[in-house]
Amino acid sequence: MRGKWLLFGGCLILLAIAAGAITVWRREQAKPAAVAAPAPSPVEVSGDLSLSGKVEARNVVAVKPPSAGTVEEYLVNEGEEVYEGQLLARLNNPTLTNEQLQAKERADKAQERVNQLESQMLAARLEVSRGRAEAARVKDEYTRADRAYQRQTMLNQQGATPRLAFEKAQKEFESAKLDYESSTARQQIAEGRITDLARDIDAAKKTLEERNNDLEDADASLQATQVHAPVDGLVIQRKGDAGVEIQLGEDDLFQIATDLGNLQVVAEVNEEQQKKIKEGSPAAVYLSELGNEPMTGEVARVADGRVTVLFQNPNPLVKPGLKFLETSLIELITQTATNLPPDVRKAMGVALEQEKPDTQASQALNIIANNIDMAVEDEGPICQDTGMPTFVVHTPVGVSQIAIKKAIKAAVAEATKRGKLRPNSVDSLTGKNSGDNLGVETPVIHWEQWEEDDIEVKLILKGGGCENKNIQYSLPTELEHLGKAGRNIEGVKKCLLHAVWQAQGQGCAPGAIGVCIGSDRAHGYYLAKHELFRELDDVNPDPVLAQLETEVMEEANKIGVGPMGFGGNVSLIGCKVMAANRLPASFFVSVAYDCWAYRRLGVRLDANTGAINKWLYRDPEREVEKLSKMDGFPLTGREVTLTPPLTEAQMRSLHVGDVVIIRGDMYTGRDAVHARLMNEPPPVSLDGQILYHCGPVMLKNGEQWVVKAAGPTTSSREEPYQAEVLRRYGVRAVIGKGGMGAKTSKGLQECGAVYLNGIGGAAQFYARTLKKVKAVHWLELGIPEAMWHLEADGFVAIVTMDAHGNSLHADVEKATGELLAALQK
């Protein structure tokens, strides 16, 4: 490579760095460190010139402030990608705001005037209509009285009728004539009123049109204080922070790089160096993010002590101003949260084939398969509970773990902001959610050194539902349905079968278990979770453990827990076991239970650059195959549509096994909401409403919240509260997963309500049915715990506990317990 560049006499070799990139790596002695100032030449060739510079975007679009004012809110940061039309910031201009409010007030008054006149017109037309009917009646009376009077007049002149009869007819005629004349006059007045009102309405509508035009102008002026991206690109510069004063004609509010494939390096040179460089000369550009391979560049400008070299960026992840390591970690988090690895997808595909069609288990797996595909399509979280991010990092000797930890935290916060992770970090003393998944000991990072050249980062996202079903046994022990478990392989197997059985639907079966036999209590749990980093189709190198894994898989799938605890043929998709030495007095069996949303991936990173050299568990070049064999939920026509508010009679007509489709209002409420409802009433009426045990992933787009992921959470945590919530507030249906206990069942019977089981983890499937966020209450509890008022359309769930005391969960638990006991005979 050097020989090639020697052909270009006096060429320029640039060592370029992206601003803020991490460069303190193990191999920095083998390659010169990238620094902001000129550095010694990395190539010992006479006549070559080596400089250090900064990567910049070649094509930049400046976004000027549209009006004067104060920056009220920035919605994007430097280093974020934006799309054309995206809202970037809001400016506050009091003058324009007041003008818009005044224009709206005038338009509202004009509209009110039109509404009043149109109401009066409606009343006047009704009056004319009634008047016409009355006039017709009066005219008939007048005509009849006139005929009678004329007849009596003729008879009276002939002396053929009594005088009293004549006088009566005369009085009736005169009275009818007066009524007729009065009715005619009233009708003319009423019709004249319509003419006047029509004229007034035309004038009022003209005024309204003028006021609306004024309002549109005021809205347009105010809208100009909202700053939108004019192009797709990357924000490389932003003016100050919120609160900064903006004047028209000042510096750019934003700068957006539009073509990241065409970059440039700018370096400072002294006068002597400048004389050696010619515009148009070739140059070798070395990016610290890409290691030792140079890229072909060309000197574009040499002036004022600066040299600019243009080059083509071979890696779309290299971006001006971004930390490359952080970018790689954001990609790892995103792919882990949204795209199940191939071995898990394969296992779920096998599960789909093994369940009997048209059963609740099959229906659940179809929804799960759809959800897995949707998550890939939308790059949205597979499950709304993205758990506590747990990283296992292997570093070469000499690599700064401090720098990597900082990058991991920055990547976690950024992924949370982008809606790839749900904010899950809660202060254990105050209960306050940090909002960015950062806090004391979060995220979890385990460190190990190794003798490889690359950095390896593995990530597992394990939600709270399955985390709560982790279990640890101390042998010997007595196990429900299984009897005594001793300190031997048979006793261990009993523990593992019990672990699968006790998870039921609360662990979102079919699941996988990582197991550690031995060690101490704390490290045993860590080693058990670490087993989940094994691939599902590998074979344990220890023949004893390999046999144990095979037997547990076979027997666990005979006990009938099934998908979501609905009963079925597939309860377990993986069993991975390791054994560690223990104390003589202790024999622990630690089990880490993971749900079907088995999210773990890894990357190998270049130790000098942070660039991704290799993906673990997946091949990014291989197209992701669709898992679902059908779109959506297969409807039979027997589904029951529920549109809140619901009645007691409706709920008592439902029975376990009924499938319902919800259209209308729903309210989320999980742990914090239920606890709060014990001490204060809800901010809205819940009478006849549906309460959804869900902690969604939400993003705010302007003033509107958007549901990004929203599957059900484990309901058993609300068992202490649920029956009382039903009694106090009139809730008619509760949605969750895993079922609830006897106390709630009694409350359902007493109040005439039902429990609906959603499919755990199906966060994308359900998010698509939640068309609108109508309001949010108690947001101070944090996004997952707040009460969200949602509008559903097509939300599918299954009645698993009805108002008659029936419970599918209790039935399955009993039946599977009997099967579990039978396996031991």
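Two strands count as paired if DSSP finds at least two bridges between them. Keep that rule at hand for these exercises, which work on a predicted model.

**Exercise 1. Strand β6 and its partners**

Task: Work out which strands pair with β6, and why β6 is largely enclosed by the rest of the structure.

Solution:
- Begin with β4, residues 69-74. Four bridges join β4 to β6, which satisfies the minimum of at least two. The two strands run antiparallel.
- To find this pairing in the viewer, look for Thr 70, which stands opposite Asn 92 of β6.
- Now turn to β7, residues 226-228. Three bridges link β6 with β7, again in an antiparallel arrangement. Here Ala 89 sits opposite Val 227 of β7.
- Last, check burial, where buried means under 20% relative accessible area. Of the six residues in β6 (87-92), five are buried, so the strand is largely enclosed by the rest of the structure.

**Exercise 2. A four-stranded sheet**

Task: Find the strand order of the open sheet that contains β18, and say which strands stand at the edges.

Solution:
- The order is β18-β23-β21-β22, and the pairing is mixed.
- The edges are β18 (471-474) and β22 (572-580); each has a single partner strand, so one side of each lacks a neighbour in the sheet.
- As for twist, neighbouring strands of this sheet are turned by 15° against each other on average, direction ignored.
- For β18, the partner is β23 (residues 588-594): four bridges join them, and they run antiparallel. Ile 471 stands opposite Val 591 in β23.
- Two helices can now be added. Helix α10 (residues 489-503) lies across β18, β21 (511-518), β22 and β23, at about 35° to β23. Helix α11 (residues 521-531) also lies across β18, β21, β22 and β23, at about 40° to β23.

**Exercise 3. Two helices in contact**

Task: Describe how α10 and α12 cross, and which classes of residue make their contact.

Solution:
- A helix pair is described by the angle and the distance between the axes.
- The axes of α10 and α12 (residues 543-556) come within 10 Å and cross at roughly 40°. That angle makes α10 oblique to α12.
- The crossing is right-handed.
- From α10, the contact residues are Ile 489, Val 492, Lys 493, Leu 496, Leu 497 and Val 500; from α12, they are Val 544, Leu 548, Glu 551, Val 552, Glu 555 and Ala 556.
- Sorted by class, the contact of α10 with α12 has nine nonpolar, three charged and no polar residues.

Terms used
Residues are numbered from 1 along each chain as its sequence is written. This is a predicted model: local features need pLDDT of at least 70, side-chain atom pairs count only at pLDDT 80 or more; totals for chains, interfaces and linings use all residues. Side-chain values use heavy atoms; hydrogens and water are left out. Buried means under 20% relative accessible area, exposed over 50%, partly exposed in between (1.4 Å probe, protein chains only). Axes are lines fitted to C-alpha atoms, for helices over the stretch in contact, and angles run from 0 to 180 degrees between N-to-C directions. Contact means heavy atoms within 4.5 Å. Angles under 35 degrees count as roughly parallel, over 145 as roughly antiparallel, 65 to 115 as roughly perpendicular and the rest as oblique. A crossing is left-handed if the near helix is turned anticlockwise from the far one by less than a right angle, and right-handed if clockwise. Ala, Val, Leu, Ile, Met, Phe, Trp, Tyr, Cys and Pro count as nonpolar, Asp, Glu, Lys and Arg as charged, and the others, Gly among them, as polar.
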